[in-house]
Structure formats: C-alpha cells, structure tokens
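Let's take a walk through this one together, starting in the sheet and working outwards. Have the model open as you read.

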Amino acid sequence: MSTEKDIIKMPPGVEGPGFFATSLDKAVGLARANSLWPLPFATSCCGIEFMATMGSNYDLARFGSERISFSPRQADVLLVAGTIAKKMGPVVKQVYLQMAEPRWVIAIGACASSGGIFDTYSVLQGIDKVIPVDVYVPGCPPRPEQIIDGVMKVQELAKNETRDRRNSAEYKALLATYGID
Ligand code: SF4
C-alpha cells in the first residue's frame, strides 16, 4: 500500500495542481473523433464486412463508434457499403441531407467507391457522383481491418477540423457542386 511519503516529489517549477493548455478546436475535435456515430447504408456484400467490424473480434466500440444510428439526424458518419444502383442514388443523397453538420462519408469497397465490377447502365459509378466522400476504403470486399482504418482516417479528419470549416467558402463551394445549399 503506497503512502504519501512514497509519492515522488515533483521537480521545481511544476509543483501544484497543474494546468492543461489546449485550444477549443482541439478539445472539440478530440470529443468528436472519439464519439463518431455511424450510419451504415449497406446494400450488399460489403455490408457483411461491416457487420464483422461491429462484432466482438474487431469491435468498433473500441473507437467510440458502437452506437449505430439508423436515424440520419443522430449520425455523424455515413458508411456506404455495397453496390448502389442509380435508382438508389437519390436515396443516399436524401439520407446525407438529413444528417447534421459536421458529417463525414466513407465509401466502403469498390462498388461504393467506383461501381466496382458493375460497369453497367444501372449501377452508380461511385457515390461521389451524388454526395461528397471523405474516405474511400478499397477492396472487394475490404476486410474489417480496412474499414477500421477508414474510420480512423475520419477520426483524424475530425480531430484536425477547425470549427468554422463547415461555414467556409471552400466547403460551401464543394457542396454547391452537388447542388446542395
Ligand atoms: S465491392 Fe465487392 S464485396 Fe463489396 S459490395 Fe461490391 S461486389 Fe460486393
């Protein structure tokens, strides 16, 4: 059992209760990055890999993302996993529009990223045709480790994002290219 006399003396100049210096942006970024609520938009095989990512072997909860949100207004990250037919494009966009800022998007797998092997008249050749994408996860299908890597990339984006980025002219211009006000 340790006693007070066992506690190592602080070096001169740093004694006392101490303090923690940071900026508000960094504190907010840290909180956001470690509590990203995912909305899985899974349409086919890649969705199964996402299910594995949520399971106990890979356990996305370790990253603060165990709270799956099927309501867009309570979600932070849209994970599109699977083939998106052109008819589904407007639905993906509708879900994206219902999410509150700041929101991020991950395209999981070749289909969501580029249409994958389905270079056909009916398949959207990448969800970035209808919404902006922050992270692309390659693979057909990607392994859960890759999906986790994608989530960690979004964590980095969230950590380093300034509070006024979403009001910036650059971000508004990006949304305008998708016809979003
Ligand atoms: S990328 Fe491959 S595994 Fe993923 S949805 Fe497309 S065909 Fe299926």
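Start with strands 3 and 4, which run parallel and are joined by 3 bridges. One pairing to find on screen is Ile108, whose bridge partner in strand 4 is Val137. Follow the chain from strand 3 through helix 4 to strand 4 and you've traced a right-handed β-α-β unit. Keep in mind that what you're looking at is a predicted model.

Now look to the other neighbour of strand 3. Strand 2 also runs parallel to strand 3, with 5 bridges between them. Here Leu78 is a handy marker, as its bridge partner in strand 3 is Val105. The connection goes by way of helix 3, and strand 2, helix 3 and strand 3 again form a right-handed β-α-β unit.

So how enclosed is strand 3? Of its 5 residues, 5 are buried, so the strand is largely enclosed by the rest of the structure. Both faces are covered: Trp104, Ile106 and Ile108 are buried on one side, and Val105 and Ala107 are buried on the other.

That leads us to the core. In soluble globular proteins, nonpolar side chains tend to be buried together. In this model the largest nonpolar core has 35 residues, and those with the most contacts inside it are Leu78, Leu79, Val80 and Ile108. Plenty of elements chip in: strands 1 to 4 and helices 2, 3, 4 and 5 each supply at least two residues of this core. Zoom in on Val80 and, leaving aside residues up to four places away in sequence, you'll find it touching Phe41, Val92, Ala107, Ile108, Ala112 and Ile127.

Val137 deserves a stop too. This residue is found in strand 4, and it counts as buried because 25 C-beta neighbours lie inside 10 Å, where 20 or more is the cut-off. With the same sequence neighbours left out (up to four places away), Val137 touches Ile106, Ala107, Ile108 and Gly109 as well as Pro142, Gln146, Ile147 and Gly150. Val137 and Ala112 are 25 residues apart in sequence, yet their C-alpha atoms are 9.0 Å apart in space.

Next, the ligand. Which residues are around it? They are Ser44, Cys45, Cys46, Gly82, Thr83, Gly109, Ala110, Cys111, Gly116, Cys140 and Pro141. Helix 2 and helix 4 each supply at least two residues of this shell, and the largest share, 3 residues, comes from helix 4. By type, the shell divides into 6 nonpolar, 5 polar and no charged residues.

Finally, some backbone oddities. Most residues other than glycine have a negative phi, and most peptide bonds are trans. Against that background, the peptide bond from Cys140 to Pro141 is cis, with omega near -5°. Pro141 sits in the loop between strand 4 and helix 5, and both Cys140 and Pro141 are among the residues around the ligand. A second cis bond runs from Glu101 to Pro102, with omega near -5°, and Pro102 is in the loop between helix 3 and strand 3. Then there's Asp59, in the loop between helix 2 and strand 2, whose phi is near 55°, a positive value in a residue other than glycine. Is Asp59 buried or exposed? With 14 other C-beta atoms within 10 Å, Asp59 is partly exposed.

Definitions and conventions:
Residues are numbered from 1 along each chain as its sequence is written. This is a predicted model: local features need pLDDT of at least 70, side-chain atom pairs count only at pLDDT 80 or more; totals for chains, interfaces and linings use all residues. A nonpolar core is a set of buried Ala, Val, Leu, Ile, Met, Phe, Trp, Tyr and Cys residues joined through C-beta atoms within 7 Å. A residue is buried if 20 or more other C-beta atoms lie within 10 Å of its own, exposed if 12 or fewer, and partly exposed in between; C-beta atoms are placed from the backbone. Helices (H or I, at least four residues) and strands (E, at least two) are DSSP runs, numbered from the N terminus. Two residues are in contact if their C-beta atoms, placed from the backbone, lie within 7 Å. A residue is near a molecule or strand if its C-beta atom, placed from the backbone, lies within 6 Å of it. Ala, Val, Leu, Ile, Met, Phe, Trp, Tyr, Cys and Pro count as nonpolar, Asp, Glu, Lys and Arg as charged, and the others, Gly among them, as polar. Two strands pair if DSSP finds at least two bridges between them. A crossover is right-handed if, with the strands pointing away from the viewer, the path from the first strand over the helix to the second runs clockwise.
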